[in-house]
Amino acid sequence: MAKSSLPTFQRAFLKPKYWGFWLVLALWRLILLLPYPLLLKIGAGLGKLFAKLKVGKRRINIARRNLALCFPDYSEQQIEEILQANLKSTGMAIIETGMAWFWSDRRIKKWSKVEGLEHLTDNLEDGIIFVGVHFLTLELGARIVGIHQPGIGVYRPNDNPLMDWLQTRGRLRSNTDMLDRKDLRGMIKALKSGKIIWYAPDHDYGRKNAVFVPFFAVQEAATTTGSYYLLKSSPNSKVVPFAPLRNRDGSGYTVKISPPVDFNDALDERAIALKMNHIVETEILRGVEQYMWLHRRFKTRPDENSPSLYD
C-alpha cells in the first residue's frame with residue numbers, strides 16, 4: 001500500500017453527523033492531560049464500567065472461556081483473578097491508545113523504557129518481522145518502540161472513515177508507513193528493502209489461508225499461514241518478538257524485545273505456524289492479564305460442522 005492510498009482528512013468529517021465523535025475526542029484528549037497515576041485509576045474505572053455493559057458481559061464470557069481452554073490446569077479462582085486484572089487492562093487500553101496517539105515523545109519517554117533494542121538495530125539490513133501479539137498495550141508499545149526505531153505498521157482499516165483517519169494519523173507518529181494486513185506483497189517488498197514490519201499472527205482470521213496447530217492447550221487452533229509466505233519470500237528476514245507490558249507497580253511501561261528466533265528448522269506451513277504459536281505463547285506468559293482474551297481466538301474449527309467452543 002502506497003502512502004498516497006492512506007486515509008486523509010475530508011471536509012465531510014466536519015458535517016453534523018460527526019459532531020458527537022469530535023465531542024468525545026475532545027473529552028478524551030482533555031482526560032489525557034491528567035497525571036499518569038490518575039489515568040491508571042480512570043482506566044480501572046472504565047474496566048468496571050465495561051463489565052456492566054451488555055457487550056462487556058458477552059466479551060467477559062469469551063475471555064473466561066479462552067482462559068479455561070488455554071489453561072485447563074488453572075482453578076476457577078485463578079482464572080477469575082486473571083479475568084479481573086484483565087478487565088482493568090481493558091479499560092486502561094482506552095487510555096493507552098490515547099497516550100499512543102496524542103502524547104508527546106517527551107512524555108512517552110518519561111513513562112517507558114525499552115529492553116533489547118539492539119535486537120532491532122543490529123539486524124536492520126535483513127528486514128525484520130517484528131512479532132507483536134495482541135496485548136491490550138500494543139498501540140502504546142508500538143509508539144514506544146517507534147520513537148527509538150520506526151517501522152511499518154500492519155493494520156485493518158476501520159469501517160468508520162473518520163476513525164480510520166484518526167488511527168492512521170496516530171500510528172504514523174512513530175511509524176514510517178502503514179500497510180493493510182491483506183497486502184502480503186507490500187510486506188514482502190518492505191522486508192526485502194530491510195524494513196521493520198509490525199506483525200501480529202495470534203488472532204483467528206478464519207479458515208482461508210490457515211492451518212490448525214496447537215495453541216496452549218487447544219490442539220487445533222486456526223493459525224495464519226501468512227508467516228510461511230513472509231519467511232519463504234524473504235528468507236533472510238529476522239523474526240523478533242516483543243512484549244509491551246504495563247509495570248505492575250504503576251511506574252509506567254517496559255517493552256521487552258527478545259533475540260531473533262531461528263526458523264531454519266521449520267520447513268512447511270504447519271511447522272512455521274506451530275513455531276510462531278510457541279513464540280506467541282512465550283510472549284503472552286510475560287503478562288497474561290494484559291493480553292486481549294476478549295477475542296474469539298478459537299471460533300474457526302477444523303470441521304465446519306463441529307459445535308462452537310463458545311456455546
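How exposed is glutamate 115, as judged by its relative accessible area? Glutamate 115 is partly exposed, with a relative accessible area of 33%. The legends below begin with this residue and describe close-up views of a predicted model.

**View 1. Glutamate 115 and lysine 113 are joined by a salt bridge.** The closest approach between the two side chains, N to O, is 3.8 Å. Lysine 113 has a relative accessibility of 46% and therefore counts as partly exposed, and glutamate 115, at 33%, is also classed as partly exposed. The pair does not stand alone: salt bridges with shared partners join Lys113, Glu115 and Lys256 into one network. The model contains 11 salt bridges.

**View 2. A salt bridge connects glutamate 80 with arginine 64.** The closest N and O atoms of this pair are 2.6 Å apart. Glutamate 80 belongs to helix H4 (residues 76-102) and arginine 64 to helix H3, so that distant parts of the chain, 16 residues apart, are linked. Glutamate 80 is partly exposed, at 29% relative accessibility. Arginine 64 is likewise partly exposed, with a relative accessible area of 30%.

**View 3. Aspartate 265 pairs with lysine 275 in a salt bridge.** In this pair the closest N and O atoms lie 2.8 Å apart. Aspartate 265 is located in the loop between strand S9 (253-257) and helix H11 (269-284), whereas lysine 275 is in helix H11; the salt bridge therefore ties together parts that are 10 residues apart in sequence. Aspartate 265 is exposed, its relative accessible area being 58%.

**View 4. Aspartate 180 is a buried acidic residue without a salt bridge.** This aspartate is found in strand S4, which covers residues 175-180. The nearest side chain of opposite charge is that of arginine 181, 5.6 Å from aspartate 180. Because a salt bridge requires a side-chain nitrogen of Lys or Arg within 4 Å of a carboxyl oxygen of Asp or Glu, the separation of 5.6 Å from arginine 181 does not qualify. The side chain of aspartate 180 does, however, reach the backbone nitrogen of lysine 182, at 2.9 Å.

**View 5. Threonine 223 is buried and makes a side-chain polar contact with asparagine 277.** Threonine 223 is part of strand S7 (residues 218-224). Its relative accessibility is 1%, and threonine 223 therefore counts as buried. The polar contact between the side chains of threonine 223 and asparagine 277 has a distance of 3.0 Å. Leaving out residues up to four places away in sequence, threonine 223 touches Asn209, Ala210, Val211, Val213, Ala273, Asn277 and Arg297.

**View 6. Valine 240 is buried in strand S8.** The strand comprises residues 238-246, and the relative accessible area of valine 240 is 0%. Beyond its neighbours within four places in sequence, the contacts of valine 240 include His119, Leu120, Ile128, Ile129, Phe130 and Val131. Ile257, Ser258 and Pro260 are also in contact with valine 240. The C-alpha atom of valine 240 is separated by 9.5 Å from that of isoleucine 279, which is 39 residues away along the chain.

**View 7. Leu49, Leu53 and Val55 make a nonpolar surface patch.** The area of the patch is about 250 Å². Valine 55 is placed in helix H3, which spans residues 54-70. With 40% relative accessibility, valine 55 counts as partly exposed.

Definitions and conventions. Residues numbered from 1 in each chain as written. Predicted model: local features only at pLDDT ≥ 70, side-chain atom pairs only at ≥ 80, totals over all residues. Heavy atoms only, no water. Helix = DSSP H or I, 4+ residues; strand = E, 2+ residues; numbered from the N terminus. Buried < 20%, exposed > 50% of the residue type's maximum accessible area, 1.4 Å probe, protein only. Contact = heavy atoms within 4.5 Å. Lys, Arg positive; Asp, Glu negative; His and termini not counted. Polar contact = N/O pair within 3.5 Å; in protein donor to acceptor, adjacent residues only side chain to side chain. Patch = residues over 30% accessible without salt bridge, like charges linked within 9 Å, V, L, I, M, F, W, Y side chains within 5 Å. Areas by Shrake-Rupley, 256 points an atom, 1.4 Å probe, with all protein chains shown as cover.
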